[in-house]
Amino acid sequence: MRPFYSFRLNGAIALLLVASQLISATIVGWEPYFKANRDSLQNFGTFNGRHVAKLGPGLRKSRPVVDVNGNTIPSYDVVYEFDQLIDHNNASRGTFKTRYYHTWEYYREGGPIILFTPGESPIDVTLDGLPSITNASIAGAIAQATNGAVVVLEHRFYGESNPFPDLSVDSLRFHTISQALQDFVYFARNVKLAMPGGDGEGIRPHRSPWIFVGGSYAGALAAFIMEQHPGVFWAAYSSAGVVQPKIDFWQYWTPVEQYMPANCTADVKAVVSLIDEAIDSANQTRMTEIQIQFGLGPLRPIDFVHTIGMPFRTWQALHPSDPGYSAIYHFCDALETRGSRIASAEGWGVEIALPKYAEFFRDEVIARCGETSAVDFECSELGWYQTGPPDGGGIISKHLNAQAWATFCSEAFPGTFTNSLTEFQARVDAALQQYKGWSTMADRVFIVNGRRDPWLEVTLSATEANTSSTDLRPIYLTNGFHCSDMTYANAVVEPSLGEREAGVFSV
């Protein structure tokens with residue numbers, strides 16, 4: 001029997017080992033959460049104390065790295081390069097260098113190749129301080145359980161894998177979902193890996209199983225690639241896969257409002273309602289006063305309401321294993337405490353909340369600038385504009401609407417996009433038609449989402465999607481945040497994540 005077919009028969013049994021390996025490799029301790037935060041954050045539920053996951057003997061962190069035969073192999077941080085086509089529709093345009101990490105520490109002949117892409121992040125980003133090719137990640141854990149090899153491949157236009165030295169109008173024509181999907185296919189069919197046998201036909205998708213792993217946008221790619229390029233990847237793991245293109249995505253804020261401390265939610269809503277009233281009444285004097293309080297006097301009102309929502313955008317960076325990471329906790333502490341007093345679930349009310357909100361913003365929020373290519377997908381094909389609720393009453397202003405986002409895109413990419421909502425809708429509709437959104441039906445895609453994830457309502461666990469889980473396409477909903485299931489430490493802290501990671505390997 002050929003090794004590939006052996007994997008088909010026995011892979012499910014081998015993959016079931018992952019959850020037990022994760023837990024047995026870990027020593028779980030308890031420590032109190034920061035005392036100053038404990039009471040004011042009590043409505044978060046799980047954060048009165050926190051688990052601290054310590055590396056146990058089964059979790060790889062040391063060098064040198066050795067393979068299953070005891071041979072020393074290259075360390076995790078060796079960067080490899082692959083000549084990728086700039087344009088898969090016209091090979092004559094040439095190639096560019098795309099970076100990847102690669103390890104075969106658990107590999108045996110016939111095992112799968114696990115291809116993970118971090119999507120909009122460079123490959124240098126670590127998981128809990130460890131490279132994403134180790135078994136600290138779901139990709140490495142799958143490889144360990146199945147005697148597979150791992151590749152972490154950088155997405156075009158991110159990190160140092162850039163087809164062009166700029167983000168000009170002409171360059172961005174090649175920054176599309178279609179080109180990205182074809183990158184992964186071309187890589188699987190043509191790469192020469194450093195592992196033994198990695199330069200031969202034995203590792204090609206028609207001879208060895210390849211498994212695609214991604215989270216968030218890359219989680220959507222996991223579903224899309226199985227649908228658009230069947231037969232290349234044998235299976236896919238989609239964490240928080242944002243599969244549904246959508247322009248007006250005000251539901252992004254619903255989990256934040258629901259799981260943020262009740263007093264914090266109440267006071268932020270009160271402040272935002274006050275601001276909306278000032279904008280509705282065209283009271284420029286009052287708006288100027290409010291903006292000066294926040295230290296944002298020169299901004300247009302629409303830029304102001306967008307900017308003061310910054311603390312809530314950090315919600316998607318939360319993870320069960322490290323609840324103190326996000327600025328949102330510090331924001332809620334500042335808003336809801338006065339000396340030793342803590343606001344009730346109803347909050348302090350707008351008269352107290354407004355100056356406290358403004359003070360925190362002036363003193364604690366630092367303006368940040370970053371790459372804009374991630375925004376390009378939202379402007380060009382997918383939408384996902386994180387608008388305020390159309391009828392108001394939320395933690396984000398109703399005036400931060402789809403038209404405002406269209407204006408932001410036209411200003412961020414002058415000459416590439418206009419501020420026409422009709423044009424934007426046409427692009428998003430085209431992406432929906434091509435990639436099918438909630439109607440994607442490919443099998444052998446394992447899907448995991450989190451109840452606390454702000455992106456939940458554009459995943460296959462969305463209420464509106466009404467998508468059923470099947471044996472060949474299981475859909476799990478955990479108590480996690482955004483992509484919480486991708487890392488080892490989170491599975492230790494949050495039981496629902498560990499249960500889902502056990503489930504993936506019975507598919």
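## Exercises on helix packing and a central strand

Helix 13 passes helix 14 in a right-handed crossing, and this is read from a predicted model.

**Exercise 1.** Work out how helix 13 and helix 14 are oriented to each other, and which residues make their contact.

*Solution.* Begin with the axes: those of helix 13 (residues 327–336) and helix 14 (residues 350–364) come within 9 Å and cross at roughly 140°. Next, compare this angle with the cut-offs, by which angles over 145 degrees count as roughly antiparallel and 65 to 115 as roughly perpendicular, with the rest outside the parallel range counted as oblique. Helix 13 and helix 14 are therefore oblique to each other. Then turn to the residues: helix 13 contributes Ala327, His330, Phe331, Ala334, Leu335 and Glu336, while helix 14 contributes Ala353, Lys356, Tyr357 and Phe360. Sorted by class, this contact holds 7 nonpolar, 1 polar and 2 charged residues.

**Exercise 2.** Decide how helix 9 is placed against helix 13, and describe the make-up of their contact.

*Solution.* Helix 9 (residues 262–280) packs against helix 13 at an angle of about 75°, and the two axes are 10 Å apart. Because angles of 65 to 115 degrees count as roughly perpendicular, helix 9 is roughly perpendicular to helix 13. On the side of helix 9 the contact uses Asn263, Cys264, Asp267 and Val268, which meet Phe331, Cys332, Leu335 and Glu336 in helix 13. These residues divide into 5 nonpolar, 1 polar and 2 charged. Comparing the lists, Phe331, Leu335 and Glu336 of helix 13 take part in the contact with helix 9 and also in that with helix 14.

**Exercise 3.** Establish where strand 9 lies in its sheet, and which strands it pairs with.

*Solution.* Start from the whole sheet, which is open, has 8 strands in the order 5-6-8-7-9-10-15-16, and shows mixed pairing. Strand 5 (80–85) and strand 16 (475–478) stand at its edges with a single partner strand each, so one side of each is left without a neighbour in the sheet. Neighbouring strands are turned by 20° against each other on average, with direction ignored. In the written order, strand 9 stands between strand 7 and strand 10. Strand 7 (residues 113–116) pairs with strand 9 in the parallel sense over 4 bridges, and the bridge partner of Ile114 in strand 9 is Ile211. On the other pairing, strand 9 and strand 10 (residues 235–239) are also parallel, over 5 bridges, with Tyr237 of strand 10 as the bridge partner of Val213. Following the order further, strand 10 pairs in the parallel sense with strand 15 (residues 445–450) over 4 bridges, where Tyr237 stands opposite Phe446.

**Exercise 4.** Determine whether the two faces of strand 9 are buried or exposed, and set the result beside the protein as a whole.

*Solution.* Take the faces in turn: Trp210, Phe212 and Gly214 lie on one side, Ile211, Val213 and Gly215 on the other, and all are buried. With 6 of the 6 residues of strand 9 (residues 210–215) buried, the strand is largely enclosed by the rest of the structure. One element placed over this region is helix 6 (residues 177–190), which lies across strand 9 as well as strands 5, 6, 7 and 8, and runs at about 120° to strand 5. For the protein as a whole, buried residues make up 56% of the 507 residues.

Note on methods
Residues are numbered from 1 along each chain as its sequence is written. This is a predicted model: local features need pLDDT of at least 70, side-chain atom pairs count only at pLDDT 80 or more; totals for chains, interfaces and linings use all residues. Side-chain values use heavy atoms; hydrogens and water are left out. Axes are lines fitted to C-alpha atoms, for helices over the stretch in contact, and angles run from 0 to 180 degrees between N-to-C directions. Angles under 35 degrees count as roughly parallel, over 145 as roughly antiparallel, 65 to 115 as roughly perpendicular and the rest as oblique. A crossing is left-handed if the near helix is turned anticlockwise from the far one by less than a right angle, and right-handed if clockwise. Contact means heavy atoms within 4.5 Å. Ala, Val, Leu, Ile, Met, Phe, Trp, Tyr, Cys and Pro count as nonpolar, Asp, Glu, Lys and Arg as charged, and the others, Gly among them, as polar. Buried means under 20% relative accessible area, exposed over 50%, partly exposed in between (1.4 Å probe, protein chains only). Two strands pair if DSSP finds at least two bridges between them.
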